[in-house]
Amino acid sequence: MLSRTEKIAYGLGDTASNIIFQTVMLFLAFFYTDIFGISAAAVGTMFLVVRLIDAVTDPLMGLLTDKTRSRHGQFRPYLIWMAIPFAVFSVFAFTTPDFDDTGKLIYAYITYTLLMLAYTAINIPYSALGGVLTEDPSERVSVQSYRFVLGMLGGLLVTTCTLPLVNWLGNGSQVAGYQLTIAALSLLGMLLFVLCFCGTKERVKPPKQQQLALRKALKTLWQNEQWRRLSIAAALVLTGIALKNTLAVYYVKYYLLRDDLVTAFVSTGMVGNIIGCALAQYVCRYMDKVNAYISIQILAAIVCIAAFWVSPEQLVAAFVMYFLWGLFLQMGTPMLWAKIADVADYGYWKTGVRATGLVYSSVVFFIKFGLALGGAISGWWLAFYGYTPNQIQSEEAQHGIQLAFTILPALASLLVAAVMLRYTLKQKRVQQISEALEQYS
């Protein structure tokens with residue numbers, strides 16, 4: 001059994017990742033449209049293009065980590081190697097040089113691409129590290145719960161501190177404020193990655209004789225039908241999350257008409273996320289994590305549909321619905337990541353090839369595809385409904401924001417539940433596979 005100290009150390013890596021991930025999810029689209037001056041349609045297209053480019057590199061990064069051998073392991077060294085580039089590119093992405101419209105768009109494409117590539121290079125090894133800390137399937141949800149509670153605490157830091165720090169450090173200039181705020185948060189992230197590296201240990205090793213060529217690796221991956229189902233579910237759930245989180249600022253500012261409540265609103269959602277992640281391991285003690293995951297998606301969809309009927313005057317109801325959505329949906333996140341480790345074990349059991357890095361990176365590919373699709377739909381949706389930055393929106397634009405913030409994420413959750421009905425790696429079967437793999441060792 002892993003110590004609590006090691007679980008916390010591992011979770012600090014996700015705190016570091018979420019400092020940037022949640023900033024991008026919650027503020028980057030708003031930063032581009034309302035501060036940097038890029039059109040919503042162009043931002044939507046850029047999110048799709050850049051995230052798809054980045055997603056294509058995920059399997060390559062996973063294969064690279066599966067081939068990596070060092071005295072510190074396969075995955076941990078990347079936490080040190082990539083911490084500085086990740087921090088530097090984060091600052092570049094939130095920097096606003098005085099270019100014309102074309103120059104701004106080119107600069108945004110370049111810096112956002114570099115940021116996403118750096119995120120891939122550090123987050124793929126970090127994610128795969130969670131699959132090699134322990135061989136015990138029952139411990140995996142606990143490990144991932146620690147990870148995502150601490151990760152969401154990083155998100156809470158972002159939601160509560162970003163806008164106040166922008167105002168304080170910028171001293172009236174949002175341009176300078178965002179740049180300095182991200183610089184401060186990035187330095188903190190670097191320190192947390194170092195603590196994660198120092199506090200964890202890789203225990204599950206690949207077979208010493210294994211030689212993993214790209215073609216063979218991809219072939220074995222495709223033979224894993226449970227991986228295919230989980231990947232589709234991951235893409236769908238992240239599409240919904242990206243839609244709702246990207247539009248949260250717009251929803252508060254332009255639908256609820258309470259610009260002063262943006263920080264409180266997104267922070268309330270993040271508190272729901274934290275509680276949901278913390279509850280996941282307790283739910284899985286009494287319920288199979290596959291059945292629990294399906295139930296959670298249905299509950300999240302019900303909350304989203306109910307939120308559609310919340311009027312701008314019903315502020316308490318809007319806050320409560322966003323809190324409940326975060327609680328239910330993020331309760332499933334540790335379960336999803338624990339299932340990735342199960343899928344990796346299943347693939348090893350079925351094919352005799354252990355490709356932990358490739359399995360994680362390929363699922364992350366679909367996660368990023370979902371993020372790309374959700375972010376792109378957000379920008380295109382705003383443009384379609386006639387969104388204009390920094391103005392009172394038309395009734396049609398307000399309705400478009402309301403619709404995309406509620407009904408579209410609900411649809412995504414219902415599709416996830418439908419896909420997971422065909423996923424068969426329930427706890428009893430996972431335990432049988434784990435026992436069979438012990439005989440391989």
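**Buried polar contacts, the largest pocket and backbone features of the predicted model**

Leaving aside its neighbours within four places in sequence, aspartate 342 is in contact with Arg140, Lys289, Tyr423, Leu425 and Val430. In this predicted model, aspartate 342 belongs to helix α13, which spans residues 333–351, and its relative accessibility of 3% places aspartate 342 among the residues counted as buried, for which the limit is under 20%. With one of the listed neighbours, Lys289, the contact is polar, the side chains of aspartate 342 and lysine 289 being joined at 2.9 Å.

A second acidic residue, glutamate 139, is located in helix α6 and is likewise buried, with a relative accessible area of 6%. Its side chain reaches the backbone nitrogen of leucine 2 at 3.0 Å, and the residues that glutamate 139 touches, when those up to four places away in sequence are not counted, are Met1, Leu2, Lys7 and Thr134.

Helix α1 supplies a further buried polar residue, serine 17, for which the relative accessibility is 0%. The side chain of serine 17 makes a polar contact of 3.1 Å with the side chain of asparagine 123, and, with residues up to four places away in sequence again set aside, serine 17 touches Tyr119, Asn123 and Phe193. Serine 17 and phenylalanine 86, although separated by 69 residues in sequence, lie 9.4 Å apart in space when the distance is taken from C-alpha to C-alpha. The burial of serine 17 can be set beside that of the helix as a whole, since 30 of the 33 residues of α1 are buried and α1 is therefore largely enclosed by the rest of the structure. The course of α1 is interrupted by a bend of about 50° at phenylalanine 27, and just after α1 glycine 37 takes a positive phi of about 90°.

Helices α1 and α6 also take part in the largest pocket, which holds about 360 Å³ of space. Of the 18 residues that line this pocket, Ser138, Val141, Ser142, Gln281 and Arg285 are the closest to its centre. The elements that contribute two or more residues to the lining are α1 (4–36), α6 (137–170) and α10 (262–286), and of the contributions made to the lining, that of α6, at six residues, is the largest. Sorted by class, the lining consists of seven nonpolar, four polar and seven charged residues.

Two loop residues were examined for their backbone geometry. Most residues other than glycine have a negative phi. Asparagine 171, which is not a glycine, nevertheless has a positive phi of about 50°; asparagine 171 is placed in the loop between α6 and α7 (174–199) and, with a relative accessibility of 71%, counts as exposed because this value is over 50%. Leucine 257 also has a positive phi, of about 60°, without being a glycine, and is found in the loop between α9 (225–255) and α10. At 48% relative accessibility, leucine 257 counts as partly exposed.

Conventions:
Residues numbered from 1 in each chain as written. Predicted model: local features only at pLDDT ≥ 70, side-chain atom pairs only at ≥ 80, totals over all residues. Heavy atoms only, no water. 1 Å grid on protein atoms, 1.4 Å probe; cavity = no way out; pocket = protein on both sides within 12 Å on 5 of 7 lines; lining within 4 Å. Points joined across faces, edges and corners; volume = space filled by probe spheres on them. Helix = DSSP H or I, 4+ residues; strand = E, 2+ residues; numbered from the N terminus. Nonpolar A, V, L, I, M, F, W, Y, C, P; charged D, E, K, R; others polar. Buried < 20%, exposed > 50% of the residue type's maximum accessible area, 1.4 Å probe, protein only. Polar contact = N/O pair within 3.5 Å; in protein donor to acceptor, adjacent residues only side chain to side chain. Contact = heavy atoms within 4.5 Å. Bend = angle between axes of the 7 residues up to and from the residue.
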